[in-house]
Each structure stands twice: as C-alpha cells, then as structure tokens.
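Please find below some notes on the model, set out as numbered points. They cover exposure, cores, two buried residues and charge pairs.

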Amino acid sequence: MNQQAGRVAVITGAASGIGRGLAEHAAAQGLRLLLSDVDGARLDALCGELRAGGATAVPCIADVGDPAQVDYLRDTALDHFGGVDLLFNNAGVMQTGLCWEISAAQWQRMLEVNLNGVINGIRAFVPLLLQQGRPAHVINTASLAGLVSSPLMGPYNVTKQAVVALSETLHYELAMLGAPVSVSVLCPGPVASAIMASNQARDGASSQLDALLDSGIRAGMAPRELAEQVFAGIAERRFWLLPHKFFKPALERRMQSILEETNPVFQMAAMEGEDHAA
Ligand SMILES: NC(=O)c1ccc[n+]([C@@H]2O[C@H](COP(=O)([O-])OP(=O)(O)OC[C@H]3O[C@@H](n4cnc5c(N)ncnc54)[C@H](O)[C@@H]3O)[C@@H](O)[C@H]2O)c1
C-alpha cells in the first residue's frame, strides 16, 4: 500500500486518453475513484473494468461546461465518499483553424469546455476542500499550448493559457490563506489519446495541421506513463508538471522576446524521441 491508498480522486474527462490513464494508475495505487465524462458508455465500461480489477470506481456523467452539473459531481463525491482528496480538472476538446474563420459556436464550445470546465471545477470543489481542513490537491490539465502559442490553434492556446493563469492565481490564493490545498498545472506535449476526434475539421491550412497533430498525438507518450509522472509530481506538491521537455527552447525564446520586447517568430519545435516514447 502506498501513501495515496484510500484517498478519493475525482477525474473529469476520465473515459479516454489522459483521464483514463490517470484513472487506471490511481486505481492501481488503491485510490477510490469518482470518474466523470460526457461519454456515459465508455465511462461505464471503464468503471466496470476497474471494479473487476478490485478497485472502487463510481461513474458520474457530467458536462464540465455546465456549473450545475459540476456541482452535482461534487455532491455525488460527497454522497459516495464523504470527501475529496484529489481533483483532476482534465476534460478538454480541440479546435484548429484560423482565428477569424472559426465560428462563434466553435469558439464558445472551446471556452465552455476547456476554460469554464476548470473554473466550474474550482468553484464547486475548492470550498469543500478548504472546509475539510486536510491536505488536498487540485490538478488542472492545460497543455504546452498553455505556455507557447502556435498558429492555427487559437481557441486551444487561449483556453490553455487561461488555465495556466487560473492555476497560478489559485496557487497564490491558497498559499495566501495558508490552506493545506495545493495546486498543479499539467502542461504535456503529445500524449496518445482521442482528442483529435473532438476537432471539428476544416479545409485548407488547418487540415494539414490536423494530420500533423493527429500523427504526433498517436505517437505520443502513453497515458499510463504520463500518469506515473503526474502522481510523482503530486507527491512532491509540484506546481509545474511538464512531462515533455522538447518545447523548453521555444518557451525560452518566448520569454526572451517578451523581456527584450522583440516580435515573436514562430518555429516548429523539434520533438525529442525521449519525450514521446509510446
Ligand atoms: N493528448 C494530448 O496530446 C494532450 C496534450 C496536452 C494537453 N491535453 C489535454 O488533456 C486533456 C485530456 O485530453 P485527451 O488528450 O486525453 O483527449 P481525449 O479526447 O482522449 O479525452 C478527453 C475526454 O474528455 C471528455 N469530454 C469532452 N468534453 C467534455 C465535457 N464537456 N465534459 C466532460 N467531459 C468531456 C471526452 O468525452 C473524453 O473522454 C484535455 O484537457 C486536453 O486538452 C492533451
């Protein structure tokens, strides 16, 4: 048994990809799980598999973009487990295209899921975590797009950079209170997942990017490997969780361009093999 055994984790976007990897790893560590997603069939199948392996895994269908459904998720956690120790605000979707060609509805969907989803998670759960008065941890899934911008990914860059800003703010505020609740922001590069299925395909330049993203993601880090790194970071109460290192030169160039007030120039980051071993 490890130090996480018996603790309660809530994971949004748990039915696939990174969320599923986190759920499988957490189950193997003996955590009790409330798993949430909009895809009820895949969620039920995952919970069934985890229970067959001896884990405690309760499904809860909830759309993170709707504050009432995220409140319901918190209430479900209280009903089943009486409290929460780890909250993973992980659900997210993709939209590529030129900023001005992406429709108002597509922008809205991205803001609702990727940004409001995290805001709703924080608003629903942080008061409970504070009230519990014991150590707890909030992990928000951003992306390397939360630290460096690429063309043709406007809504993704915008929402993920907002998640980084929100996570830093939450971290400062909890520290200001001296609360035993800590925060991490997860900024991965490519991780093997189904996220490109959520992209509403477009013609032209973005379709080339889509093909590139799709193959990069398919060849990305295995979700279980990522989950191991995330849990190691949680154990150390580390704020920045940057499992891929290949984009750090791009981050450095961005910081330099800001500090030196020079115009940003986009360069495609070269991926190092060690960063995305499947
Ligand atoms: N895969 C990558 O390369 C990568 C890299 C960086 C960050 N991320 C981020 O990781 C997170 C997980 O994505 P993934 O790559 O595992 O994708 P995925 O598509 O495999 O999994 C995302 C899950 O979220 C669920 N979901 C979608 N909209 C939802 C909503 N409104 N409410 C609740 N659940 C919803 C989906 O049904 C799906 O099961 C996202 O925030 C994504 O932006 C992914």
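1. A residue counts as buried under 20% relative accessible area, as exposed over 50%, and as partly exposed in between. The model discussed here is predicted. Phenylalanine 266 has a relative accessible area of 44% and is therefore partly exposed. Phenylalanine 266 sits in the segment after helix H8 (248–259). Together with Leu212 and Met268, Phe266 makes a nonpolar surface patch of about 330 Å².

2. In soluble globular proteins, nonpolar side chains tend to be buried together. Here the largest nonpolar core comprises 55 residues, and Val10, Leu34, Phe125 and Phe247 have the most contacts inside it. Helix H4 (residues 104–132) is the main contributor to this core, giving 10 residues. A second core, separate from this one, has 30 residues, including Ala9, Leu22, Leu33 and Val191. Beyond its neighbours within four places in sequence, phenylalanine 247 contacts Leu144, Leu147, Val148, Cys187 and Leu242.

3. Glutamine 95 deserves a separate entry. It is located in the loop between strand E4 (86–89) and H4, yet glutamine 95 is buried, with a relative accessible area of 0%. Its side chain reaches the backbone oxygen of glutamine 200 at 3.0 Å. Not counting residues up to four places away in sequence, glutamine 95 touches ten residues' worth of surroundings that include Ile102, Arg109, Leu152, Pro155 and Asn199.

4. Valine 163 belongs to helix H5 (residues 154–177). With a relative accessible area of 0%, valine 163 is buried. Its C-alpha atom is separated by 8.0 Å from that of asparagine 114, although the two residues are 49 residues apart along the chain. Apart from neighbours within four places in sequence, the contacts of valine 163 are Asn114, Leu115, Val118, Asn140, Thr141 and Ala142.

5. The structure holds nine salt bridges. Arginine 74 takes part in one with aspartate 71 (3.7 Å, N to O) and in another with aspartate 75, where the closest N and O atoms are 3.1 Å apart. Aspartate 71 and arginine 74 are about one helical turn apart, because they are three residues apart in helix H3 (residues 67–81). Arginine 74 counts as buried at 19% relative accessibility, whereas aspartate 71 is partly exposed at 30% and aspartate 75 is partly exposed at 33%.

6. In helix H6 (residues 205–218), aspartate 214 and arginine 218 lie four residues apart, about one turn of the helix. They form a salt bridge, with the closest N and O atoms 3.2 Å apart. Aspartate 214 is partly exposed at 25%, and arginine 218 is exposed at 62%. Elsewhere, salt bridges with shared partners join Arg20, Glu24, Glu49 and Arg224 into one network.

Terms used. Residues are numbered from 1 along each chain as its sequence is written. This is a predicted model: local features need pLDDT of at least 70, side-chain atom pairs count only at pLDDT 80 or more; totals for chains, interfaces and linings use all residues. Side-chain values use heavy atoms; hydrogens and water are left out. A nonpolar core is a set of buried Ala, Val, Leu, Ile, Met, Phe, Trp, Tyr and Cys residues joined through side-chain atoms within 4.5 Å. Buried means under 20% relative accessible area, exposed over 50%, partly exposed in between (1.4 Å probe, protein chains only). Helices (H or I, at least four residues) and strands (E, at least two) are DSSP runs, numbered from the N terminus. Contact means heavy atoms within 4.5 Å. A polar contact is a pair of N or O atoms within 3.5 Å; within protein, one must be able to donate a hydrogen and the other to accept it, and residues adjacent in sequence count only if both atoms are side-chain atoms. Patches are made of residues with over 30% relative accessible area and no salt bridge: like charges are joined within 9 Å, nonpolar side chains (Val, Leu, Ile, Met, Phe, Trp, Tyr) within 5 Å. Accessible areas come from the Shrake-Rupley method with a 1.4 Å probe; for residues, only the protein chains shown count as cover. A salt bridge is a side-chain nitrogen of Lys or Arg within 4 Å of a carboxyl oxygen of Asp or Glu.
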